[in-house]
Amino acid sequence: MVVIDGPDMGRATPLPAPPAVVVVGSDPSCDLVSSDPRVSRRHLEIAMGEAPGSYLVRDLGSRNGTHFQGAAITEAIVAPGATLRLGNSYLRLQLAPHDLALPPSARNRLGELVGQSLAMRELFAVLERAADSEITVLLEGETGTGKELCARGIHELGARRRGPMVALDCGSLPEGLVESELFGHVRGAFTGAMQAREGAFARAHGGTLFLDEVDSLPLTLQPRLLRALESRRVRPVGGDEEREVDVRVVAACQGDLGPAVARGEFRPDLYYRLSVLRVALPPLRARREDLGITVRELLARRGFDDPGEIAGPNLERLVAHAWPGNVRELRNVLDRALALSPGARSFAQLRLHMPGDHGQLASGDGLRVDTQLPYADAKQHLLDAFERRYLGELFARNDGNISATARDAQLDRKHLRSLLRKHGLID
């Protein structure tokens, strides 16, 4: 039993053999002690079920209840992989982890991904083997960690590399258009459908379909996606005939989908179908030794082929930054530096403008009002500084997870995304 989200994230306890049970609660005598204030002293107990591989979960009369797949339960039989919600915490029953025992890859690049750290070479080793198969892959990682680049790397290394690679960002589409974008539509299917259009599945026939932010898919659409994955057939919106598609799917989300399954926001059968192989991408702050090689690569893509040694005060400033936006944020910083340093001939000569360098209210400072500006402009500058600092710190605290940041800020996710773009925290 592992806490996958909440104040005790990472805490775990083994499930003993029958007839012993595991008790979860805030009381110090419990087997798994929770600091979540919404968890009761003795909240629930778990025991082995009668059927092999099953578990009996029983709520112990808790104040806020135990939830499974979005519904409150008093008693339920669950299987390994089940996620339970207790207060503000999410717990998963899972098999003890086993190492894949894969040696790190010898390469320091895979497609457009670069990295020489152990974390990246281990990632490359997994992606190399994933490319050799046809299994569905679920990429998990913060914004800017390179999930689409991973998908393209899998595609380019695999047998489908001669076919198309189609990417669809589910999180950026209006809810009413997602179905059409996935499966296509016939002429006259809805207002504005002046001609028939192929969906992403049809366009990716013979190749790879990358579904980014798959956790944003409306619950009502998830059964259709599951059926398409299982049957390899799609029917366009407004159409009567189905079409066979030969597609390898790589999906991505910003974090663990388990809590969304527990809240009833994501279908468990679709989750299990997508997560045949789950791959976690390391954030940039966890592999700062890759900053040098990544900076050199990003500068080369901008035509700055000979930046000299990537070292000195500029590199020290990069190493000291938290990078909530990961490599995407680093790319923005370098693009800004190139624009502000037209005469620079080396990395050392670049004028790095780090997020928060200007217009930020430092801790302990009072309001910095520029009385040289008109009232409206001065007020807007102050509001921008507040937004930049508030969102930047909250985004970093949530490890670059947009959904978690939106919940904490009590903002609509799409509105938050526009604010993060406004202040350069994401693209």
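## Helices, cores and salt bridges in a predicted model

N326 is found in helix α10 (residues 326-340); helices (H or I, at least four residues) and strands (E, at least two) are DSSP runs, numbered from the N terminus. This is a predicted model, in which local features need pLDDT of at least 70 and side-chain atom pairs count only at pLDDT 80 or more, while totals for chains, interfaces and linings use all residues. Residues are numbered from 1 along each chain as its sequence is written, and side-chain values use heavy atoms, with hydrogens and water left out.

**Positive phi values**

N326 is not a glycine, yet its phi is positive, at about 55°. At 0% relative accessibility, N326 counts as buried (buried is under 20% relative accessible area, exposed over 50%, partly exposed in between, with a 1.4 Å probe and protein chains only). R232, also a residue other than glycine, has a positive phi near 60°. R232 sits in the loop between α5 and β16 (233-234) and is partly exposed, with a relative accessible area of 37%. A further positive phi, of about 55°, belongs to Q410, just after α12.

**Helix α12**

Helix α12 spans residues 402-409, and 6 of its 8 residues are buried. The buried residues are I402, S403, A404, T405, A406 and A409. Their cover includes α11 (375-397) and α13 (413-422).

**Nonpolar cores**

A nonpolar core is a set of buried Ala, Val, Leu, Ile, Met, Phe, Trp, Tyr and Cys residues joined through side-chain atoms within 4.5 Å. The largest one has 33 residues, of which L182, F201 and L209 touch the most other members. Elements that each supply at least two residues of this core include the strands β14 (165-169), β15 (208-212) and β18 (248-253), and the helices α3 (175-183), α4 (200-203), α5 (222-231), α6 (258-262) and α7 (268-274). Helix α5 gives the most, with 4 residues. Leaving aside neighbours within four places in sequence, L182 is in contact with L168, G199, A200, F201, L211, L217 and L221, where contact means heavy atoms within 4.5 Å. Apart from this core lies another, of 21 residues, among them L110, A130, C150 and I154.

**Salt bridges**

The structure holds 31 salt bridges, each defined as a side-chain nitrogen of Lys or Arg within 4 Å of a carboxyl oxygen of Asp or Glu. Three of them are tabulated here.

| Pair | N to O distance |
|---|---|
| R41 and D27 | 2.3 Å |
| R129 and E128 | 4.0 Å |
| E140 and R278 | 3.0 Å |

The E140 and R278 pair links distant parts of the chain, 138 residues apart: E140 is in strand β13 (residues 137-140) and R278 in strand β19 (residues 277-280). E140 is buried, with a relative accessible area of 10%, whereas R278 is partly exposed at 36%. Both belong to a network of salt bridges that links R92, E140, D256 and R278.

R41 forms a salt bridge with D27. R41 lies in the loop between β3 (32-33) and β4 (44-48), and D27 in the loop between β2 (22-25) and β3, so the pair ties together parts that are 14 residues apart in sequence. R41 counts as exposed, at 54% relative accessibility, while D27 counts as buried, at 14%. In the pair of R129 and E128, R129 counts as partly exposed, at 40% relative accessibility.
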